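Dear colleague,

I am passing on to you the structure that I have been reading through, with the sequence and the model shown just below. My notes follow it, and I would be grateful if you read them with the model open beside you.

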There are 2 protein chains.
Amino acid sequence: MAKARTYHHGDLRAALIRAAAEAVEAGGPDAVSLRDLAQSLGVSTAAPYRHFADRRALLNEVAALGFADLNAAYARARTGADSPATAMRETARAYLNLAFGRPGLFRLMFASDLVGAADAPAILLAPAGQAWDSLFNAVAALDPASDAAAVKRRAITGWSTLHGFITLVQGGRLKSFMTEPLTEADLLEAILDKTLNEA
Amino acid sequence: MAKARTYHHGDLRAALIRAAAEAVEAGGPDAVSLRDLAQSLGVSTAAPYRHFADRRALLNEVAALGFADLNAAYARARTGADSPATAMRETARAYLNLAFGRPGLFRLMFASDLVGAADAPAILLAPAGQAWDSLFNAVAALDPASDAAAVKRRAITGWSTLHGFITLVQGGRLKSFMTEPLTEADLLEAILDKTLNEA
DNA sequence: TCTCCCATGTAAGCGGCACTCACATTGCGG
DNA sequence: CCGCAATGTGAGTGCCGCTTACATGGGAGA
C-alpha cells in the first residue's frame, strides 16, 4: 500500500520506524544507525531528521510499539486464564517471552538509557504505565484483601526477580556458574514457582 | 610518584586506567572516550593503542578493578559477621553499596556488553568468579544441609532479585510507580528481608 | 485549472569517534 | 656507547549524529 517507489517521496516516517524496529530486533539499540536506515530506504542521510528530532526520538517510537505488544500479550494472559493465579503466571510468561524471544527489543525497552527515563515522552509513558497497571492488577487479584502498598511491594519484588534473572542471563553473567545439571530453563521455572507462590 | 612530566613519556598505561576509572564513575562506560583520555593526559590520540588493543580492553581493566573492590567488600562482610545470616546480609549490602554508591562502575561491570561476556578475558573471569564464589559460600553457610544445586538456585534467585531491583531503579523504570508512602529505600529493605528470610 | 506554499527531500559539511600506519624518539641491556 | 625495542606522534580512514542552505513537487485555495 502506498509504497510508490517511482516518485521521490514515500511514507518515510513509517518506513523508518519499521526498519528501525527490524534493526533493533536483530541487534539491539546499538544496531540502529540513522545513516544506514536512510541509505537502505534510498533517501539521503538528512531525510530522517524531517520526521524525528534525533535518534532517540525514533527509538522511543520503536520502544512504544514494543510496549504495545507487551500490553497485548498481557491482555491475552488476563482474558485467557481461569483464575488469578494462572493469569499471574501467564503474565509473567508474557514478560519472559518478550525478553527471551525478542531480546534486542527488550533491551531497548528496559535496559537502555536511550529510552528516556527522566524526560520520558508521553508516547512512552502511556504504554509503559499501562504495562505496570496490568502487572499491579494481576498481583492485586491474587489477594484481594491486601492493601495497595503491599501489592506494590509484591509486584515490584517479583518483577525485580524476573528482570534481574533476564538481565544476568542475557549479559552472560551466569554462564560461567551454570554447571551441568542446572540449566537456565530449570532455574527459570524454579524462579517462577518461587516468585508466584510467595506469601 | 614517577609522574615525571618533563619528558614525553610517563606511566601511560596506569594513568589511562586511572583516568578511565574516573570517567566511568562519573558518567558510566559511555563517558569513556580514548581521544578524551589521551588529550587530558597530554598524549596523542594514538598513544593509548600502545597499551590497550581497543577501548574494550581498557574498560575490561577498569571492570576488573571494580570486581577487586567488590571482592574486598565481600571479604569484609564475611569476616566482620558473627553468624552466617548476618554475613549474608552484609554481603548483600556490599553489592547494593557498590550499585548505588558507584553506579557508573556498576553499570560497566554488570549492565554492559562492553565487558566481554562470551569472550571474557581471564583478567575479568578470575575476579568475577571469585565474587560468585563468595556469594555461593555465603548462601551455602545459611543451610549446610542443602546440596549444591539448591544453593545455586537460591543464590541466583536472590542475586536476580537484588540485581533486577537495582537495574529497574537505575533505569528510572520504577519512578512513575512509586507513589508517596513508598520509597525506594523502603522497598529495598523489604526486598532484602524477603530475599534473606526465604526457605 | 492554475499557482504558490510548505512539507519533504537533497548535497555538503561539521565535529567527534575508534582505530591504523608509517615514522620519530628515547632509555636500557649488551 | 650503541642499537634496538618500547613507546609516542601525525596524518589519515571510515563511520557516526546532526545542521544548514537549497531544491522540488503535491495539494489547497483563487
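How many nonpolar, polar and charged residues does the surface near DNA strand C have? Before the answer, please keep in mind that this is a predicted model. The surface near DNA strand C has, by class, eight nonpolar, eight polar and five charged residues. DNA strand C is surrounded by 21 residues, and the closest are Val43(A), Ser44(A), Ala46(A), Ala46(B) and Asp54(B). Helix α2 of chain B, residues 34–40, provides the largest share of this surface, with three residues.

For DNA strand D, the residues that surround the strand number 21, and the closest are Ala46(A), Asp54(A), Val43(B), Ser44(B) and Ala46(B). Here α2(A) gives the most, with three residues, and the surface near DNA strand D divides into eight nonpolar, eight polar and five charged residues.

Next, the fold of chain A. Its secondary structure comes to eight helices and zero strands, and the C-alpha atoms of the chain fill a box of roughly 60 × 40 × 35 Å along the principal axes. Of the 199 residues of chain A, 35% count as buried, and among the contacts in the chain with a separation of 6 or more, 66% are accounted for by residues 24 or more positions apart.

Two of the helices deserve a more careful look. Helix α1 of chain A has 16 residues, 12–27, which at 1.5 Å a residue should span 22 Å, and its end C-alpha atoms are indeed 22 Å apart, in agreement with that expectation. The buried residues of α1(A) are Leu16(A), Ala20(A), Ala21(A), Ala23(A) and Val24(A). Seen down the axis of α1(A), these buried residues fall within an arc of 165°, and therefore they line one face of the helix. Their cover includes α2 (34–40), α3 (55–79) and α5 (103–110) of chain A, while the residue that follows α1(A) is Gly28(A), which has a positive phi, near 80°.

Helix α8 of chain A, residues 184–197, has 14 residues and reaches 20 Å from its first C-alpha to its last, close to the 20 Å expected at 1.5 Å a residue. In α8(A), the residues Leu187(A), Ile191(A) and Thr195(A) are buried. Seen down the axis of α8(A), its buried residues fall within an arc of 60°, so they line one face of the helix. The face turned away from that buried side carries the exposed residues Ala185(A), Glu189(A), Asp193(A) and Asn197(A). What covers the buried residues of α8(A) includes α7 (148–170) of chain A together with α7 of chain B.

That brings me to how the two chains meet. In this model, 33 residues of chain B are in contact with 33 residues of chain A. On the side of chain B that touches chain A, α6 (122–142), α7 (148–170) and α8 (184–197) of chain B each supply at least two residues, and α7(B) gives the most, with 14 residues. The residues of this side divide into 19 nonpolar, 10 polar and four charged.

Finally, the symmetry. A turn of 180°, with a shift of 0.0 Å along the axis, lays chain B on chain A with an RMSD of 0.0 Å. That is the relation of a two-fold axis. Of the interface residues of chain B, 100% are also interface residues in chain A, so the copies meet through the same surface.

With kind regards

Key. Residues are numbered from 1 along each chain as its sequence is written. Chains are lettered from A and ligands numbered from 1 in the order in which they are written. This is a predicted model: local features need pLDDT of at least 70, side-chain atom pairs count only at pLDDT 80 or more; totals for chains, interfaces and linings use all residues. Helices (H or I, at least four residues) and strands (E, at least two) are DSSP runs, numbered from the N terminus. The expected span of a helix is 1.5 Å times one less than its number of residues. A residue is buried if 20 or more other C-beta atoms lie within 10 Å of its own, exposed if 12 or fewer, and partly exposed in between; C-beta atoms are placed from the backbone. The arc is that of the directions from the helix axis to the C-beta atoms. Two residues are in contact if their C-beta atoms, placed from the backbone, lie within 7 Å. Copies are superposed by least squares on the C-alpha atoms of residues with pLDDT of at least 70 in both. A residue is near a molecule or strand if its C-beta atom, placed from the backbone, lies within 6 Å of it. Ala, Val, Leu, Ile, Met, Phe, Trp, Tyr, Cys and Pro count as nonpolar, Asp, Glu, Lys and Arg as charged, and the others, Gly among them, as polar.
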